[in-house]
Amino acid sequence: MIIVLRPHSTREEIDFVLQEVERLGYEPRAIDGAMQTIVAAIGDELQHHTLESLIALPQVERVMPVQKRYKLASRESQPVDSIVDVGGVKIGGGHFALMAGPCSVENERQLLEIAEVVKAAGAKILRGGAFKPRTSPYEFQGLGLEGLRILSKAREETGLKIITELLSEADVDLVAEHADILQIGTRNAQNFRLLTAAAKTGRAILLKRGFSARIEEWLLAAEYILAAGNPNVLLCERGIRTFETAMRNTLDLAAVAIARMESHLPVIVDPSQGAGRSDLVIAMCRASVAVGADGLLIEVHPNPAEAMSDGQQQIDYAHFADLVDQIRPYLAISGHELA
Ligand code: PEP
Ligand code: MN
(Lines give C-alpha, C1' and ligand atoms only; values in the text may rest on other atoms or scores of the structure.)
(Ligands and ions follow the chains in the order given, each with its own letter.)
Protein backbone atom coordinates (compact mmCIF):
# COMPACT_ATOMS: atom_id res chain seq x y z
CA MET A 1 0.00 0.00 0.00
CA ILE A 2 1.03 3.62 -0.57
CA ILE A 3 0.03 6.23 1.99
CA VAL A 4 0.14 9.82 0.80
CA LEU A 5 0.35 12.38 3.61
CA ARG A 6 -1.03 15.89 3.40
CA PRO A 7 1.37 18.68 2.44
CA HIS A 8 3.19 20.27 5.37
CA SER A 9 2.48 17.44 7.83
CA THR A 10 4.64 17.82 10.96
CA ARG A 11 7.43 15.41 11.91
CA GLU A 12 5.25 14.08 14.75
CA GLU A 13 2.33 13.45 12.40
CA ILE A 14 4.57 11.62 9.95
CA ASP A 15 6.17 9.55 12.74
CA PHE A 16 2.74 8.60 14.04
CA VAL A 17 1.80 7.18 10.61
CA LEU A 18 5.07 5.22 10.47
CA GLN A 19 4.36 3.75 13.92
CA GLU A 20 0.80 2.82 12.93
CA VAL A 21 1.99 1.08 9.76
CA GLU A 22 4.44 -0.95 11.83
CA ARG A 23 1.84 -1.72 14.49
CA LEU A 24 -0.48 -3.10 11.78
CA GLY A 25 2.24 -5.52 10.70
CA TYR A 26 3.92 -3.79 7.76
CA GLU A 27 7.36 -2.39 7.14
CA PRO A 28 7.14 1.39 6.53
CA ARG A 29 9.44 3.20 4.09
CA ALA A 30 9.09 6.98 4.06
CA ILE A 31 9.87 9.05 0.98
CA ASP A 32 10.19 12.73 1.94
CA GLY A 33 9.35 15.17 -0.84
CA ALA A 34 9.74 18.96 -0.77
CA MET A 35 6.21 19.47 0.55
CA GLN A 36 4.74 16.02 0.97
CA THR A 37 5.75 12.67 2.42
CA ILE A 38 4.75 9.35 0.93
CA VAL A 39 4.92 6.13 2.94
CA ALA A 40 5.26 2.77 1.22
CA ALA A 41 3.98 -0.06 3.42
CA ILE A 42 5.55 -3.41 2.59
CA GLY A 43 3.78 -6.60 3.60
CA ASP A 44 1.06 -9.03 2.64
CA GLU A 45 -2.47 -7.73 3.06
CA LEU A 46 -3.87 -11.24 3.25
CA GLN A 47 -1.85 -11.87 6.43
CA HIS A 48 -2.22 -8.49 8.06
CA HIS A 49 -4.77 -5.87 8.86
CA THR A 50 -5.88 -3.56 6.07
CA LEU A 51 -4.22 -0.17 6.03
CA GLU A 52 -7.23 1.54 4.50
CA SER A 53 -8.34 2.65 7.97
CA LEU A 54 -5.37 5.06 8.05
CA ILE A 55 -7.45 7.41 5.88
CA ALA A 56 -9.22 8.32 9.14
CA LEU A 57 -6.05 10.16 10.30
CA PRO A 58 -6.22 13.89 9.51
CA GLN A 59 -2.66 13.94 8.14
CA VAL A 60 -3.43 11.17 5.58
CA GLU A 61 -4.61 12.35 2.17
CA ARG A 62 -4.89 9.03 0.33
CA VAL A 63 -4.27 5.30 0.80
CA MET A 64 -3.71 3.41 -2.44
CA PRO A 65 -3.23 -0.28 -3.08
CA VAL A 66 -0.23 -1.21 -5.23
CA GLN A 67 -1.43 -4.73 -5.98
CA LYS A 68 -4.78 -5.65 -7.44
CA ARG A 69 -7.54 -6.22 -4.89
CA TYR A 70 -8.36 -9.45 -6.68
CA LYS A 71 -5.36 -11.68 -6.30
CA LEU A 72 -6.26 -15.22 -7.38
CA ALA A 73 -8.24 -13.94 -10.38
CA SER A 74 -5.44 -11.70 -11.62
CA ARG A 75 -2.87 -12.38 -14.30
CA GLU A 76 -0.25 -11.34 -11.76
CA SER A 77 -0.98 -14.55 -9.85
CA GLN A 78 -1.32 -16.66 -13.00
CA PRO A 79 0.00 -15.31 -16.30
CA VAL A 80 -1.28 -18.17 -18.50
CA ASP A 81 -4.93 -18.59 -19.46
CA SER A 82 -6.94 -20.93 -17.26
CA ILE A 83 -8.60 -23.82 -19.00
CA VAL A 84 -11.84 -24.91 -17.36
CA ASP A 85 -12.59 -28.55 -18.09
CA VAL A 86 -16.29 -29.37 -17.97
CA GLY A 87 -16.39 -33.15 -18.15
CA GLY A 88 -14.01 -33.18 -21.10
CA VAL A 89 -15.25 -29.99 -22.77
CA LYS A 90 -12.39 -27.51 -22.42
CA ILE A 91 -13.04 -23.78 -22.18
CA GLY A 92 -10.32 -21.12 -22.37
CA GLY A 93 -6.70 -21.11 -23.53
CA GLY A 94 -7.80 -21.25 -27.17
CA HIS A 95 -10.74 -23.61 -26.61
CA PHE A 96 -13.96 -21.85 -27.55
CA ALA A 97 -17.26 -22.90 -25.96
CA LEU A 98 -20.60 -22.57 -27.66
CA MET A 99 -23.46 -22.75 -25.13
CA ALA A 100 -26.98 -22.52 -26.48
CA GLY A 101 -30.57 -23.29 -25.62
CA PRO A 102 -33.77 -21.63 -24.53
CA CYS A 103 -34.03 -18.88 -21.96
CA SER A 104 -36.30 -21.15 -19.89
CA VAL A 105 -36.92 -24.88 -19.98
CA GLU A 106 -40.56 -24.97 -21.10
CA ASN A 107 -41.31 -28.66 -21.67
CA GLU A 108 -39.49 -31.92 -22.31
CA ARG A 109 -40.31 -32.40 -25.97
CA GLN A 110 -39.23 -28.90 -26.86
CA LEU A 111 -35.99 -29.01 -24.88
CA LEU A 112 -34.95 -32.34 -26.39
CA GLU A 113 -35.59 -30.94 -29.87
CA ILE A 114 -33.58 -27.76 -29.15
CA ALA A 115 -30.75 -29.87 -27.71
CA GLU A 116 -30.50 -31.93 -30.91
CA VAL A 117 -30.57 -28.83 -33.10
CA VAL A 118 -27.91 -26.85 -31.22
CA LYS A 119 -25.73 -29.95 -30.97
CA ALA A 120 -25.92 -30.52 -34.73
CA ALA A 121 -24.89 -26.88 -35.26
CA GLY A 122 -21.81 -27.25 -33.05
CA ALA A 123 -22.80 -26.48 -29.46
CA LYS A 124 -21.34 -28.71 -26.74
CA ILE A 125 -23.22 -27.14 -23.85
CA LEU A 126 -26.99 -26.78 -23.47
CA ARG A 127 -28.45 -23.84 -21.57
CA GLY A 128 -31.93 -23.56 -20.08
CA GLY A 129 -33.28 -21.91 -16.96
CA ALA A 130 -35.27 -24.06 -14.53
CA PHE A 131 -35.30 -21.43 -11.80
CA LYS A 132 -35.91 -18.06 -13.46
CA PRO A 133 -35.13 -14.71 -11.84
CA ARG A 134 -38.01 -12.64 -13.22
CA THR A 135 -38.43 -8.95 -12.58
CA SER A 136 -42.13 -9.40 -11.86
CA PRO A 137 -43.54 -12.09 -9.55
CA TYR A 138 -46.44 -12.52 -12.03
CA GLU A 139 -44.16 -13.71 -14.85
CA PHE A 140 -43.24 -17.34 -15.55
CA GLN A 141 -40.86 -18.41 -12.78
CA GLY A 142 -39.55 -21.59 -14.44
CA LEU A 143 -40.41 -25.26 -13.99
CA GLY A 144 -38.06 -25.70 -11.01
CA LEU A 145 -37.24 -29.31 -10.20
CA GLU A 146 -39.16 -30.57 -13.24
CA GLY A 147 -36.97 -28.31 -15.39
CA LEU A 148 -33.83 -29.81 -13.86
CA ARG A 149 -35.13 -33.31 -14.56
CA ILE A 150 -35.72 -32.38 -18.20
CA LEU A 151 -32.22 -30.93 -18.48
CA SER A 152 -30.73 -34.16 -17.10
CA LYS A 153 -32.73 -36.15 -19.64
CA ALA A 154 -31.34 -33.96 -22.43
CA ARG A 155 -27.82 -34.63 -21.16
CA GLU A 156 -28.45 -38.37 -21.16
CA GLU A 157 -29.91 -38.35 -24.66
CA THR A 158 -27.45 -36.01 -26.36
CA GLY A 159 -24.26 -36.03 -24.28
CA LEU A 160 -24.40 -32.23 -24.11
CA LYS A 161 -23.18 -30.62 -20.89
CA ILE A 162 -25.77 -28.62 -18.97
CA ILE A 163 -25.65 -25.04 -17.73
CA THR A 164 -28.52 -23.72 -15.64
CA GLU A 165 -29.04 -20.92 -13.17
CA LEU A 166 -28.64 -21.34 -9.42
CA LEU A 167 -30.96 -18.80 -7.86
CA SER A 168 -30.83 -19.59 -4.18
CA GLU A 169 -28.56 -21.05 -1.54
CA ALA A 170 -31.42 -23.40 -0.65
CA ASP A 171 -31.09 -25.14 -4.05
CA VAL A 172 -27.31 -25.52 -4.25
CA ASP A 173 -27.13 -29.31 -3.91
CA LEU A 174 -30.19 -29.91 -6.07
CA VAL A 175 -28.95 -27.77 -8.97
CA ALA A 176 -25.39 -29.12 -8.66
CA GLU A 177 -26.79 -32.64 -9.00
CA HIS A 178 -28.32 -31.83 -12.39
CA ALA A 179 -25.94 -29.22 -13.85
CA ASP A 180 -22.39 -29.36 -15.15
CA ILE A 181 -22.05 -25.58 -14.90
CA LEU A 182 -23.85 -23.46 -12.31
CA GLN A 183 -24.91 -20.09 -13.70
CA ILE A 184 -24.94 -17.21 -11.25
CA GLY A 185 -27.21 -14.56 -12.72
CA THR A 186 -26.73 -10.84 -12.91
CA ARG A 187 -29.13 -10.23 -10.03
CA ASN A 188 -27.12 -12.50 -7.74
CA ALA A 189 -23.70 -11.48 -9.01
CA GLN A 190 -22.69 -10.04 -5.65
CA ASN A 191 -24.56 -12.47 -3.42
CA PHE A 192 -21.35 -13.55 -1.78
CA ARG A 193 -22.82 -16.30 0.39
CA LEU A 194 -24.42 -17.84 -2.69
CA LEU A 195 -21.10 -17.59 -4.56
CA THR A 196 -19.26 -19.33 -1.73
CA ALA A 197 -21.91 -22.05 -1.40
CA ALA A 198 -21.84 -22.63 -5.17
CA ALA A 199 -18.04 -22.77 -5.13
CA LYS A 200 -18.06 -25.54 -2.54
CA THR A 201 -19.94 -27.90 -4.87
CA GLY A 202 -16.79 -28.06 -7.02
CA ARG A 203 -18.90 -27.55 -10.17
CA ALA A 204 -17.75 -25.06 -12.78
CA ILE A 205 -19.40 -21.70 -12.24
CA LEU A 206 -20.39 -19.15 -14.87
CA LEU A 207 -20.49 -15.80 -13.12
CA LYS A 208 -22.53 -13.14 -14.88
CA ARG A 209 -21.46 -9.56 -14.42
CA GLY A 210 -23.90 -7.61 -12.25
CA PHE A 211 -25.80 -5.16 -14.45
CA SER A 212 -24.39 -2.27 -12.45
CA ALA A 213 -21.08 -3.82 -11.44
CA ARG A 214 -17.76 -2.26 -12.32
CA ILE A 215 -15.19 -4.62 -13.84
CA GLU A 216 -13.27 -4.65 -10.56
CA GLU A 217 -16.41 -5.67 -8.65
CA TRP A 218 -17.07 -8.45 -11.16
CA LEU A 219 -13.52 -9.77 -10.70
CA LEU A 220 -13.79 -9.48 -6.92
CA ALA A 221 -16.98 -11.55 -7.06
CA ALA A 222 -15.02 -14.18 -9.02
CA GLU A 223 -12.36 -13.92 -6.31
CA TYR A 224 -14.91 -15.16 -3.76
CA ILE A 225 -15.33 -18.39 -5.74
CA LEU A 226 -11.57 -18.83 -6.20
CA ALA A 227 -10.90 -18.05 -2.54
CA ALA A 228 -13.40 -20.76 -1.58
CA GLY A 229 -11.15 -23.24 -3.38
CA ASN A 230 -12.93 -23.61 -6.73
CA PRO A 231 -10.72 -22.65 -9.71
CA ASN A 232 -13.37 -23.45 -12.34
CA VAL A 233 -14.76 -19.98 -12.94
CA LEU A 234 -16.07 -18.59 -16.21
CA LEU A 235 -16.64 -14.82 -16.34
CA CYS A 236 -19.68 -13.75 -18.35
CA GLU A 237 -20.34 -10.28 -19.76
CA ARG A 238 -24.10 -9.88 -20.28
CA GLY A 239 -24.58 -6.16 -20.65
CA ILE A 240 -24.83 -3.34 -18.17
CA ARG A 241 -27.48 -0.73 -17.54
CA THR A 242 -26.78 2.62 -19.15
CA PHE A 243 -28.82 5.64 -20.31
CA GLU A 244 -29.38 3.96 -23.71
CA THR A 245 -32.92 2.74 -24.38
CA ALA A 246 -32.47 1.30 -27.90
CA MET A 247 -31.28 -1.94 -26.30
CA ARG A 248 -32.27 -3.80 -23.15
CA ASN A 249 -28.67 -3.51 -21.89
CA THR A 250 -25.43 -2.12 -23.25
CA LEU A 251 -23.13 -5.04 -24.09
CA ASP A 252 -19.75 -3.90 -22.80
CA LEU A 253 -17.27 -5.48 -25.19
CA ALA A 254 -14.37 -3.36 -23.89
CA ALA A 255 -14.97 -5.07 -20.54
CA VAL A 256 -14.38 -8.40 -22.28
CA ALA A 257 -11.01 -7.20 -23.53
CA ILE A 258 -10.13 -5.77 -20.11
CA ALA A 259 -11.21 -8.93 -18.27
CA ARG A 260 -9.02 -10.97 -20.65
CA MET A 261 -6.06 -8.68 -19.89
CA GLU A 262 -6.60 -8.50 -16.15
CA SER A 263 -7.55 -12.10 -15.51
CA HIS A 264 -6.54 -15.58 -16.62
CA LEU A 265 -10.15 -16.79 -16.34
CA PRO A 266 -12.09 -17.57 -19.54
CA VAL A 267 -14.54 -14.86 -20.58
CA ILE A 268 -17.90 -15.78 -22.09
CA VAL A 269 -20.30 -13.30 -23.74
CA ASP A 270 -24.09 -13.49 -23.50
CA PRO A 271 -25.32 -11.32 -26.37
CA SER A 272 -28.94 -12.38 -25.78
CA GLN A 273 -29.34 -10.63 -22.43
CA GLY A 274 -26.59 -8.25 -23.53
CA ALA A 275 -28.53 -6.64 -26.33
CA GLY A 276 -31.98 -7.99 -25.59
CA ARG A 277 -32.77 -7.95 -29.32
CA SER A 278 -32.62 -10.96 -31.60
CA ASP A 279 -31.64 -8.76 -34.57
CA LEU A 280 -28.38 -7.79 -32.85
CA VAL A 281 -27.32 -11.21 -31.60
CA ILE A 282 -25.27 -12.40 -34.60
CA ALA A 283 -23.38 -9.12 -35.01
CA MET A 284 -22.60 -9.06 -31.29
CA CYS A 285 -21.33 -12.64 -31.51
CA ARG A 286 -18.94 -11.76 -34.35
CA ALA A 287 -17.71 -8.78 -32.36
CA SER A 288 -17.34 -10.84 -29.17
CA VAL A 289 -15.16 -13.40 -30.89
CA ALA A 290 -13.10 -10.64 -32.51
CA VAL A 291 -12.48 -8.98 -29.15
CA GLY A 292 -11.20 -12.23 -27.63
CA ALA A 293 -14.15 -13.97 -25.94
CA ASP A 294 -13.63 -17.62 -25.01
CA GLY A 295 -17.23 -18.59 -25.55
CA LEU A 296 -20.81 -17.56 -26.18
CA LEU A 297 -24.03 -18.18 -24.28
CA ILE A 298 -26.95 -17.85 -26.66
CA GLU A 299 -30.71 -18.11 -26.29
CA VAL A 300 -32.24 -20.29 -28.99
CA HIS A 301 -35.96 -21.11 -29.28
CA PRO A 302 -37.94 -22.88 -32.03
CA ASN A 303 -40.52 -20.10 -32.04
CA PRO A 304 -39.33 -17.01 -30.14
CA ALA A 305 -42.69 -15.29 -30.53
CA GLU A 306 -44.24 -17.96 -28.32
CA ALA A 307 -41.44 -18.21 -25.75
CA MET A 308 -42.41 -18.11 -22.08
CA SER A 309 -39.56 -15.69 -21.34
CA ASP A 310 -37.29 -13.32 -23.28
CA GLY A 311 -38.99 -13.94 -26.66
CA GLN A 312 -37.67 -10.63 -28.04
CA GLN A 313 -34.05 -11.76 -27.80
CA GLN A 314 -34.13 -15.47 -28.59
CA ILE A 315 -33.06 -16.58 -32.04
CA ASP A 316 -34.61 -19.42 -34.04
CA TYR A 317 -32.87 -22.52 -35.42
CA ALA A 318 -32.04 -21.03 -38.81
CA HIS A 319 -30.44 -17.99 -37.23
CA PHE A 320 -28.42 -20.14 -34.87
CA ALA A 321 -27.00 -22.19 -37.74
CA ASP A 322 -26.21 -18.92 -39.56
CA LEU A 323 -24.55 -17.55 -36.41
CA VAL A 324 -22.20 -20.54 -36.17
CA ASP A 325 -21.21 -20.11 -39.82
CA GLN A 326 -20.64 -16.39 -39.35
CA ILE A 327 -18.34 -16.69 -36.34
CA ARG A 328 -16.06 -19.33 -37.90
CA PRO A 329 -13.77 -16.88 -39.74
CA TYR A 330 -13.49 -14.75 -36.59
CA LEU A 331 -12.58 -17.81 -34.54
CA ALA A 332 -9.81 -18.62 -36.99
CA ILE A 333 -8.43 -15.06 -36.81
CA SER A 334 -8.51 -14.92 -33.00
CA GLY A 335 -6.84 -18.34 -32.70
CA HIS A 336 -9.76 -20.09 -31.10
CA GLU A 337 -10.94 -23.57 -31.80
CA LEU A 338 -14.58 -24.56 -31.41
CA ALA A 339 -14.63 -27.02 -28.48
C1 PEP B 1 -30.60 -15.78 -18.43
O2 PEP B 1 -29.50 -16.22 -18.80
O3 PEP B 1 -31.68 -16.14 -18.91
C4 PEP B 1 -30.62 -14.71 -17.40
C5 PEP B 1 -31.67 -14.50 -16.63
O6 PEP B 1 -29.46 -14.03 -17.34
P7 PEP B 1 -29.05 -12.69 -16.54
O8 PEP B 1 -28.82 -13.11 -15.14
O9 PEP B 1 -27.79 -12.26 -17.25
O10 PEP B 1 -30.17 -11.70 -16.71
MN1 MN C 1 -33.11 -14.98 -20.61
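Two strands are said to pair if DSSP finds at least two bridges between them, and strands themselves (E, at least two residues), like helices (H or I, at least four residues), are DSSP runs numbered from the N terminus. This is a predicted model, in which local features need pLDDT of at least 70 and side-chain atom pairs count only at pLDDT 80 or more, while totals for chains, interfaces and linings use all residues. Residues are numbered from 1 along each chain as its sequence is written, ligands are numbered from 1 in the order in which they are written, and side-chain values use heavy atoms, with hydrogens and water left out.

A good place to begin is strand β14. Strands β7 and β14 pair in the parallel sense over 5 bridges, and within this pairing alanine 100 has isoleucine 298 of β14 as its bridge partner. Strand β13 (residues 267–269) also runs parallel to β14, to which 2 bridges join it, and here isoleucine 268 has glycine 295 of β14 as its bridge partner.

In a regular strand the side chains alternate between the two faces of the sheet. In β14, Gly295, Leu297 and Glu299 point one way, whereas Leu296 and Ile298 point the other way. The strand is mostly covered, since 5 of its 5 residues are buried, where buried means under 20% relative accessible area, exposed means over 50% and partly exposed lies in between, with a 1.4 Å probe and protein chains only.

Glu299 leads on to the metal site. The manganese ion (ligand 2) is coordinated by Cys103 (SG), Glu299 (OE) and Asp310 (OD), at 2.0 to 2.5 Å; donors are N, O and S atoms within 2.8 Å of the metal (3.2 Å for Na, K and Ca), and because water is not among the atoms, sites may look incomplete. In sequence these donor residues are spaced C-x195-E-x10-D. Cysteine 103, in the loop between β7 (95–101) and α2 (108–121), and aspartate 310, in the loop between β14 (295–299) and α10 (317–333), are 207 residues apart, and the pair links distant parts of the chain. Cysteine 103 is buried, with a relative accessible area of 2%, and aspartate 310 also counts as buried, at 13% relative accessibility.

Strand β7 has a further role in the picture, as it gives the largest share, 3 residues, of the lining of the largest cavity. Among the residues that line this cavity are Phe96, Ala97 and Leu98.

Definitions and conventions:
On a 1 Å grid over the protein atoms alone, a cavity is a set of points where a 1.4 Å probe fits but cannot get out, and a pocket is an open set with protein on both sides within 12 Å along at least five of seven lines; lining residues have an atom within 4 Å of a point.
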